[in-house]
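Colleague: Got a minute? I have a model open and would like a quick tour.

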Amino acid sequence: MWGLVPLFWPLLKPAGAVEILAHRMAWSLVVVGIALLFVRRWDWARELLRQPRRLLLVTVAAAVITVNWGVYIWSVNSGHVVEASLGYFINPLVTIAIGVLLLGERLRPVQWAAVGVGLAAVLVLAFGYGRPPWISLCLAFTFAAYGLVKKKVNLGGLESLAAETAVQFLPAVAYLVWLATQGDIVFGTEGAGNAALLAATGVVTAAPLVCFGAAAIRVPLSTLGLLQYLAPVFQFLLGILYFHEAMPAERWAGFALVWLALSLLTWDALRTARRNAAKLAAARAEASAVGATAVGATVASDVGTSGTVGSTDTTGTTGTTGTTGTTGTAREEREPVV
């Protein structure tokens, strides 16, 4: 769905990018509100309202994703689908860079190589476009920053979108009202079909996110990471094959470098995941062996006193001295086998 969304935004013309953005912000809250009514999850809202710091972070997240949404809608409707797809290709590299610069994370050598190749790709693309690929960089940096803030807020996908669109709702509605007073609003003036499509921006925003949240608890994280490359791949193919955007040789070279960087990242991530899984399996095996040794020692200790226990138990049951001795011996012989 995320990969095919460039086909949707042109359907909303003659509405401009800012009006489409305002509708997306307003109708997303309506859709998410209905979803929350259905699942009956509201406790998070009360907790959030009692925490001013998290509220501030939600506001920052809402502002950052507003810029991301607006730039993306404008870029698609202005014929820059390929450049927009590049933004989501380089987003993992920007996320790594933010982790190093802001969080003090340490990179493995292959990750450093991927970041270096990504930087070279940006320079090649800047040469090819005759300017820095600012649409790509803006989308990549805003989405990476959005991910960082969301990590700090620590809300579920549906709840997070509800909180963010709640922040966006009043400014969006105020802008639409102002647009209507100026006589420049498209909503309702281009027929019921156009109005329905503008209202559907809420579903287009919420549906992929809900599916992503459902997938995140069912699919291994490594698989989920690989699947996220599908969206920019689809967008890139749509830009070339459907929208017929130009791809001179220097742009192909830049994209090839980006894909090389992503290949390095993916290979390193899979290798690290496999290595960590092997270490975890070895640790579990060692823990099982230690546990088995401890159980054996406990059983051996019990065997040493089993004659007495057998005598006491049997005496209590039968009350016969002769039977006591026999039963105790039998238990001593059987216990090690058990």
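**Helices, a kink and some rings**

Modeller: Sure. Start with helix H4, residues 81-103. H4 has 23 residues and reaches 32 Å from its first C-alpha to its last, close to the 33 Å expected at 1.5 Å a residue. Keep in mind that this is a predicted model.

Colleague: Where is the kink in H4?

Modeller: At asparagine 91, shortly before proline 92. The kink is about 45 degrees.

Colleague: Is asparagine 91 buried or exposed?

Modeller: Buried. Its relative accessible area is 12%, and the cut-off for buried is under 20%.

Colleague: What does asparagine 91 touch?

Modeller: Ala140, Phe143 and Ala144, not counting residues up to four places away in sequence.

Colleague: And what follows H4?

Modeller: Glycine 104. Its phi is positive, near 70 degrees.

Colleague: Let's zoom out. How many helices and strands are there in the chain?

Modeller: 14 helices and zero strands. Read along the sequence, the pattern is α from start to end.

Colleague: What share of the chain counts as buried?

Modeller: 37% of the 338 residues. The accessible surface comes to about 18400 Å². Carbon and sulfur atoms hold 69% of that surface.

Colleague: How much of the contact count comes from residues 24 or more positions apart?

Modeller: 81%, taking the contacts with a separation of 6 or more.

Colleague: Switching to rings. How many aromatic pairs does the structure hold?

Modeller: 15. Take phenylalanine 8 and tryptophan 9: their ring centres are 5.3 Å apart and their planes are at 65 degrees.

Colleague: Why is that pair called edge-to-face?

Modeller: Because the planes are at 65 degrees, and over 60 counts as edge-to-face.

Colleague: Are those two residues buried or exposed?

Modeller: Phenylalanine 8 is buried at 13% relative accessibility. Tryptophan 9 is buried too, at 0%.

Colleague: What about phenylalanine 143 and tyrosine 146?

Modeller: Their ring centres are 6.0 Å apart with the planes at 40 degrees, so that pair is tilted. Both residues lie in helix H6, residues 134-153. They sit three residues apart, about one turn of the helix.

Colleague: How covered are they, buried or exposed?

Modeller: Phenylalanine 143 is partly exposed, with a relative accessible area of 32%. Tyrosine 146 counts as buried at 10%.

Colleague: Which residues form an aromatic cluster?

Modeller: Phe89, Phe236, Trp252, Phe255 and Trp259 form one.

Colleague: What sits over the ring of tryptophan 69?

Modeller: The charged end of arginine 24, which is 4.2 Å from the ring centre.

Colleague: One more residue. Where is isoleucine 65 found?

Modeller: In helix H3, residues 52-77. Isoleucine 65 is buried, at 3% relative accessibility.

Colleague: And what is isoleucine 65 in contact with?

Modeller: Phe143, Tyr146 and Gln168, leaving aside neighbours within four places in sequence. Phe143 and Tyr146 are the tilted pair from H6. Phe143 is also among the residues that asparagine 91 touches.

Colleague: How far apart are isoleucine 65 and alanine 144?

Modeller: 79 residues in sequence. In space they are 10.0 Å apart, C-alpha to C-alpha. Ala144 came up earlier as well, as one of the residues touched by asparagine 91.

Colleague: Good. I'll look at those on screen.

Note on methods. Residues numbered from 1 in each chain as written. Predicted model: local features only at pLDDT ≥ 70, side-chain atom pairs only at ≥ 80, totals over all residues. Heavy atoms only, no water. Helix = DSSP H or I, 4+ residues; strand = E, 2+ residues; numbered from the N terminus. Buried < 20%, exposed > 50% of the residue type's maximum accessible area, 1.4 Å probe, protein only. Contact = heavy atoms within 4.5 Å. Areas by Shrake-Rupley, 256 points an atom, 1.4 Å probe, with all protein chains shown as cover. Expected span 1.5 Å × (residues − 1). Bend = angle between axes of the 7 residues up to and from the residue. Phe/Tyr/Trp six-rings, centres within 6.5 Å; stacked < 30°, edge-to-face > 60°. Lys NZ or Arg CZ within 6 Å of the ring centre and 35° of its normal.
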